[in-house]
Amino acid sequence: MDTSLSWIKAYVPDLDCTAQEYTDAMTLSGTKVEGFTELDKNLEKIVVGKINKIEKHPDADKLIICQVQIDEEGTEIQIVTGAPNVKEGDKVPVVLVGGKVAGSHHDGNVEGGLKIKKGKLRGVESFGMMCSIDELGSSKDMYPDAAADGIYILSDNPEYNKAPVGADVVEVLGLHDVTFEYEITSNRVDCFGVLGIAREAAATFGKKFVLPVVTETGNDEDVNDYISVDVQAPELCSRYTARVVKNIKLAPSPEWMQRRLASVGIRPINNIVDITNYVMEEYSQPMHAYDLDTIADHKIVVRKAENGEKFTTLDGQERELDDTMLMICDGEKAVGLAGIMGGENSMITDNVKTMLFEAATFDGTNIRLSGKKLGMRTDAQAKFEKGLDPKTAMEAMNRACQLIEELGAGEVVGGAIDYYPVKKEPITIAYDVDKINALLGTDIPEEDMIQYLETIDLTVDREKKVVIVPTWRQDLERLADIAEEVARFYGYDKIPMTLPESSATMGGLSEKLIIEQQVRNIVETYGFCEGMTYSFESPKVYDKLNLAEDDILRKSIVISNPLGEDYSVMRTSALGGMLTSLATNYNRRNKDVRLYELANVYLPKELPLTELPDERVQLTLGMYGQGDFYDMKGVVEEILTRLGLTDKAEYEPAAGKTFLHPGRQANVIYNGKVVAYFGEVHPNVQKNYNIGERTYVAVVDLAELIAMPKETVKYAGVPKFPAMVRDISLVMKKEVLAGDIEKVISKKGGALVESYELFDIYEGEQIMSGYKSLAYKITFRAKDRTLTDEEVSAAMDKIITTLEEMGATLRK
């Protein structure tokens, strides 16, 4: 939101402050000013000059010598210029020697401006410079009558033709002004218009706020003879007003209107367009104008679009609509997208004779969603989606018609169509002085509070102790809001610092966050560094990961309005991002890289979506360089142990992951559930990601681990009785899993087995082909006695007997 200081002063005439004072005071009272721009910055000693005589330069074909009068006493100076558009008698901006301009025609504004000095051009002295609009720090967009490539001829504009020679050009052009940029919160819809900002300024500086006087307009005719309105979607259009203007006379708008529009970045076009823009900026109420001769049956119908309906907007784009979008139609066709943009078929042209004015209140949420679906964003849409006050529609309509008559732009037909079935009424909020002071930590008298509230047009009933809130203050709903209004104008800087009176509560982390932090500590201890990748993914990742066509990971959620194909689906696995990060490090010649990510994945329960997806946290690990399959296995085991999951995990080699090496992968099963998988990345996948070393990954489903019961860590004393150790070396087929061997050792050894450790694996010439040798160290210990050799031997016999039944034999 932008405003100029001069426009604010039109409604707060007694306002007298500098730009910095205004910025500080408005920000402190709650209307945050982001910054300001002084339009007259670096414009010094620039006057209205009149060219009395022009001569050719003796030594340059493209230069001319001008004798320019710079005051009413007839003082002349000589200026040499190459401008092609000047002639004798023209009034032009002249910067005198020692003066400044904002910049140059070609380079735009220059920091600190450009100082003008006396000089010579091809041997002829020049004592100043005639200015283009660019050199004055503005542009042709803001001053449409200015030459695109040449000096700004003031006398070509009727508004400036009578300016006396020697007058201050900056004053003549209305550049002694400041524009302010505001950061307005979305709940302060009233402050998206200049009137709302001016009301805040008046209250902040304690000055009188003067609303524009809107007079009654219209001839003796009846608007109902020209147009009828049928609102078929009242839930999306709470108010619709319309008036008719005939005998339209298109012309440039007056200079004061052009300057105010230009100050907020709106290019002046003509009187009709400028009036609609002016009222939109003044009242924060978008308006639209239709050529009445293009409206079939002279009837307006406000309805929802049909699915698949096509409509061409003012920008020439054909758009496909659906049945949630609100349309403005005539008796035969659609003529506008409600609250967003009009139609090409009803646009105002230079041949317009009779015009229909529209000011309405549309449902803000619907306008926002419709614009988002269509990929559109307009100034009107930005205001409608905030939720406008229905009362403002008719006020803005009457203001626009008043300006039509004042500027002689047409003849307003009498009466107005006003569809407003359910009127919005002001609300009342009970106030309690003691509660407000307790909330703020102040001791403000009631009379002062009432004064603050009345300065912003809130009505206070002292007897009933209530505040009557006008409809345009949609942000005021409860006592706390009233307290905030009091605080704003009492002054936040005056409120003393006090400690909160409520008792303090102890904060803490949830179990989920605690476990995530534990996992971070564990993996970082093993040399992994945390990475972060996008939750948005490209569907091409599925092919790079060698996923089967029916793989469940391919069933991902498609984003409705993606940034591009590379970010068009929600990820079902973080492996794509992990491998991309590893590939980036590899291609930059980083060695021994270990990365991890605590990543959310999004698993739809069904497609298309009927409910929110299963959003779960997974720990994804990736590494290349130093480390192998068993190192990754050890990290996963350490995570389970440190989280209190002390039962023995099982490993399933047939994990079935197509992106992992078929012989070097495993599912991790804990209490019958798959909680993780790990393995070496498939060579083809490594190639797809341009990684030239063996790469290992692991994915741990933290959501499963968090839900599992965990054992509390218990500390035991140093054993009182000695341990007995036995080694056992077994020969078995390669297909027999080490995990199956360990189950037998644990089960048959019973409570006497304290631990076991696989310390050797052998495959070679000394054993038969297709067989392998595993050697274990088994430690036995009893808590209450010293074990005998007979007890240990009996336990070993049970273990060996069971292993032999599985096909394993003792290695001799």
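# Salt bridges, cores and backbone exceptions in a predicted model

Glu680 and Arg664 form a salt bridge (a side-chain nitrogen of Lys or Arg within 4 Å of a carboxyl oxygen of Asp or Glu), with the closest N and O atoms 3.1 Å apart. Glu680 sits in strand E34 (residues 673-681) and Arg664 in strand E33 (residues 660-670), so the pair ties together parts 16 residues apart in sequence. Helices (H or I, at least four residues) and strands (E, at least two) are DSSP runs, numbered from the N terminus.

This is a predicted model: local features need pLDDT of at least 70, side-chain atom pairs count only at pLDDT 80 or more, and totals for chains, interfaces and linings use all residues. Residues are numbered from 1 along each chain as its sequence is written, and side-chain values use heavy atoms, with hydrogens and water left out.

**Salt bridges**

- Glu680 is buried, at 3% relative accessible area. Its partner Arg664 is partly exposed, at 30%. Buried means under 20% relative accessible area, exposed over 50%, and partly exposed in between (1.4 Å probe, protein chains only).
- Salt bridges with shared partners join Arg188, Asp190, Glu200, Arg473, Asp475, Glu485 and Arg488 into one network.
- The count comes to 49 salt bridges.
- Asp330 pairs with Lys333 in a salt bridge, and their closest N and O atoms are 2.5 Å apart. Asp330 is buried at 4%, whereas Lys333 is partly exposed at 28%.
- Arg377 bridges to Glu385, with 2.7 Å between the closest N and O atoms. Arg377 is exposed at 55%; Glu385 is buried at 17%.

**Cysteines**

- The model has zero disulfides. The criterion is a pair of cysteine sulfur atoms within 2.5 Å.
- Cys17 has no bonding partner because the closest cysteine sulfur, in Cys191, is 16 Å away, too far for a bond. Cys17 is buried, at 13% relative accessibility.
- Cys131 is in no disulfide either; the nearest cysteine sulfur belongs to Cys66, 13 Å away. Cys131 is buried, with a relative accessible area of 0%.

**Nonpolar cores and a surface patch**

- The largest nonpolar core has 51 residues, of which Ile8, Tyr22, Phe357 and Ile404 touch the most other members. A nonpolar core is a set of buried Ala, Val, Leu, Ile, Met, Phe, Trp, Tyr and Cys residues joined through side-chain atoms within 4.5 Å.
- Elements that each supply at least two residues of this core include helix H1 (5-9), helix H2 (19-28), strand E21 (355-362) and helix H10 (390-406). H10 gives the most, with eight residues.
- Ile8 is in contact (heavy atoms within 4.5 Å) with Thr3, Leu15, Tyr22, Val194, Ile197, Ala198 and Ala201, leaving aside neighbours within four places in sequence.
- A second, separate core holds 42 residues, among them Ile227, Ala334, Met341 and Phe362.
- On the surface, Tyr534, Phe536, Leu563 and Tyr567 make a nonpolar patch of about 470 Å². Patch residues have over 30% relative accessible area and no salt bridge; like charges are joined within 9 Å, and nonpolar side chains (Val, Leu, Ile, Met, Phe, Trp, Tyr) within 5 Å. Areas come from the Shrake-Rupley method with a 1.4 Å probe; for residues, only the protein chains shown count as cover.
- Leu563 lies in the loop between helix H15 (540-544) and strand E29 (569-570). Leu563 is exposed, at 76%.

**Backbone exceptions**

- Most residues other than glycine have a negative phi, and most peptide bonds are trans.
- Leu607 and Pro608 are joined by a cis peptide bond, with omega about -5°. Pro608 is in the loop between strand E30 (594-603) and strand E31 (614-624).
- Arg122, not a glycine, has a positive phi of about 55°. The loop between strand E8 (119-121) and strand E9 (124-126) holds Arg122, which is exposed at 54%.
- Ser284 also is not a glycine and has a positive phi of about 55°. Ser284 is in the loop between H7 and strand E14 (288-291), and is buried at 4%.

**Gly576 and Asn688**

- Gly576, in helix H16 (residues 575-587), is buried at 2%. Gly576 contacts Glu537, Val541, Leu545 and Tyr689, leaving aside neighbours within four places in sequence.
- Asn688 is in helix H18 (residues 683-688) and is partly exposed at 34%. Not counting residues up to four places away in sequence, Asn688 touches Asp543, Lys544 and Asn546.
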